[in-house]
Amino acid sequence: MFSLHQSPPPLVHPDGEQVIELIPEPFLILDNAHRVVAANQAAARLLSQTRGMLMGQGCQELLFGRPGPCPGGDACPLTLQSGAGQVTEQRVEARNHQGRSRPLKIRMSRVAGDAEGLVGLQLLAENGTQAHKEKMPARVVGRSQAMARLMHVVERVAPTSATVLLLGESGVGKERVAEHLHRCSERADGPLVVVDCSALGEQLIEAELFGYEKGAFTGADRRKIGLFEAAQGGTLFIDEVGEMPLAMQSKLLRALEASRIRRVGGTDYIDVDARVVAATHRDLGAMVARGEFREDLYYRLAAFPVDIPPLRERREDIIALAEHFLEEAGGAHQLPLARSVAELLTDYQFPGNVRELKNIIGRAAILAGPGPVLPEHIAFQSRQGPAVPSTQDAFDVPSGADALPFPPPRRTRNGLTRERIRAALEASDGHRSEAAQRLGVSERTLYRHLQRLSSGP
């Protein structure tokens, strides 16, 4: 195995590309102006670029994403010994074109012999793949059997190169699952790049995915690499792929089949090495039947479909997720959640899934302030008509006869007042099942509350 503590092999054209590919470590060769003249595939993967993209990059662009010639002197990011064969080692905080930062250790040596004046660069990630994975915080929270089955499937497919299609209702956490899949894959040291098709029009999607050349359209005053290129050596997560226009679907299919893309306004094809994970809340099979989604693209994306269950089918995860979100919101001092709050949350159907739960907990943490989270701080966002306490009710009020012009409404231990229950029943013409939906609780829970209220003063 070659080491920079020895003299690097001579770079002899026209076989230089073959020689450098024999070096297993990420390795670059720069000319005396500190521009890349050769790179092996390992370096391209580490830097999340193609070898073609690396060619001609100067030391500043290579390490900090800033185009331009070497600034020379102390401003040059590469500190080199003057003698051929001497080795210099340094650490830098490299930054790519998308602004992502990563620590690198660089071993440098001037190349001796026929290639005098060239610089050999060996690049080492400061954290190895395994160490990098261990330091990443767990983002998929849950201990239900449904979540255990999901994680088992994801971790089985992660080390493969299969295209994965994540299916599930809006808000179930498809992006979090994609992140976990990426962290468990062999591409964990590469970038995870996300694009949301629902937020972009057809022309913008093409420019974002494939990039564009200078002058390709009005406003294109420079070349821009696309997200396929930005995800080089990593994972490209295409969210809400069901929203992609038909014209773009054919271009995406070609990119997936050939692992090549062409920038908007460009003529050359560019090889890309990015694993694609797609997601949608739509029924793509039904869309194919209606002619709204290409059948060939559907079968290409659905090579390995993964269903993510809605939150109402994994109620055991609700409290764990709520406490996780509360801690994220700076409410660690408010943990654990009171039993009355836990019961209130687990009785709710969560039509907005995990996203809705996160919003509810974020609001509750604000309303609770320095005190504990109470049932009156929980405001549901049900589509059937939110059963939400007013903001005034959610804040603490002074005690005493003069503090309120009327007595406070009596609450059940789950935070429902007699008035709210009566209003829901009146609006539902006395139908308990509809009233329970309006209140965001189960019919059994509503019946239990009615019994308690009827026995009270």
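These notes cover a five-stranded sheet, the helices around it and some aromatic pairs in a predicted model.

1. The sheet. Five strands form an open sheet in the order S7-S10-S13-S6-S14, and the pairing is parallel. Its edge strands are S7 (192-196) and S14, each of which pairs on one side only. From one strand to the next the twist averages 20°. As general background, strands of a sheet pair through backbone hydrogen bonds, in either the parallel or the antiparallel sense.

2. Strand S6 and its two neighbours. S6 (residues 164-167) pairs in parallel with S13 (residues 275-280) over four bridges. Four bridges also join S6 to S14 (residues 304-307), again with the strands running parallel. The register against S13 can be read from three positions: Leu165 stands opposite Ala278, Leu166 has Ala279 as its bridge partner, and Leu167 is partnered by Thr280. Towards S14, Leu166 stands opposite Val306. Leu166 can thus be used to locate S6 between Ala279 of S13 and Val306 of S14.

3. Strand S13. Six of the six residues of S13 are buried, and the strand is mostly covered. Arg275, Val277 and Ala279 point one way, while Val276, Ala278 and Thr280 point the other way. Both sets are buried, Arg275 and Thr280 included. The general pattern is that side chains of a regular strand alternate between the two faces of the sheet. S13 also pairs with S10 (residues 235-239), in the parallel sense and over four bridges. In that pairing Phe237 stands opposite Val277.

4. Helix H6. Residues 145-157 make up H6, which lies across S6, S13 and S14. H6 runs at about 155° to S14.

5. Helix H7. This helix spans residues 174-183, and eight of its 10 residues are buried, so H7 is largely enclosed by the rest of the structure. The buried residues are Lys174, Val177, Ala178, Glu179, His180, Leu181, His182 and Arg183. A reader checking side chains here may note that Lys174, Glu179 and Arg183 are among them.

6. Helices H8 and H10. H8 (residues 202-210) packs against H10 (residues 246-258) at an angle of about 15°, with the axes 10 Å apart. H8 is therefore roughly parallel to H10. The crossing of H8 over H10 is left-handed. On the H8 side the contact involves Glu202, Ile205, Glu206, Leu209 and Phe210. These residues meet Ala247, Met248, Lys251, Leu252 and Ala255 of H10.

7. Aromatic pairs. The count of aromatic pairs is five. In one of them, Tyr298 and Tyr299 have ring centres 5.2 Å apart and planes at 55°, so the pair is tilted. Tyr298 is partly exposed, at 22% relative accessibility, and Tyr299 is exposed, with a relative accessible area of 54%. The rings of Tyr348 and Phe350 have centres 4.7 Å apart and planes at 75°, so that pair is edge-to-face. Tyr348 and Phe350 are both buried. Together with Phe380, Tyr348 and Phe350 form one aromatic cluster.

Note on methods: Residues numbered from 1 in each chain as written. Predicted model: local features only at pLDDT ≥ 70, side-chain atom pairs only at ≥ 80, totals over all residues. Heavy atoms only, no water. Buried < 20%, exposed > 50% of the residue type's maximum accessible area, 1.4 Å probe, protein only. Pairing = 2+ DSSP bridges. Axes fitted to C-alpha atoms, helices over the stretch in contact; angles between N-to-C directions. Contact = heavy atoms within 4.5 Å. Phe/Tyr/Trp six-rings, centres within 6.5 Å; stacked < 30°, edge-to-face > 60°. Parallel < 35°, antiparallel > 145°, perpendicular 65-115°, else oblique. Left-handed = near helix turned anticlockwise from the far one by under 90°.
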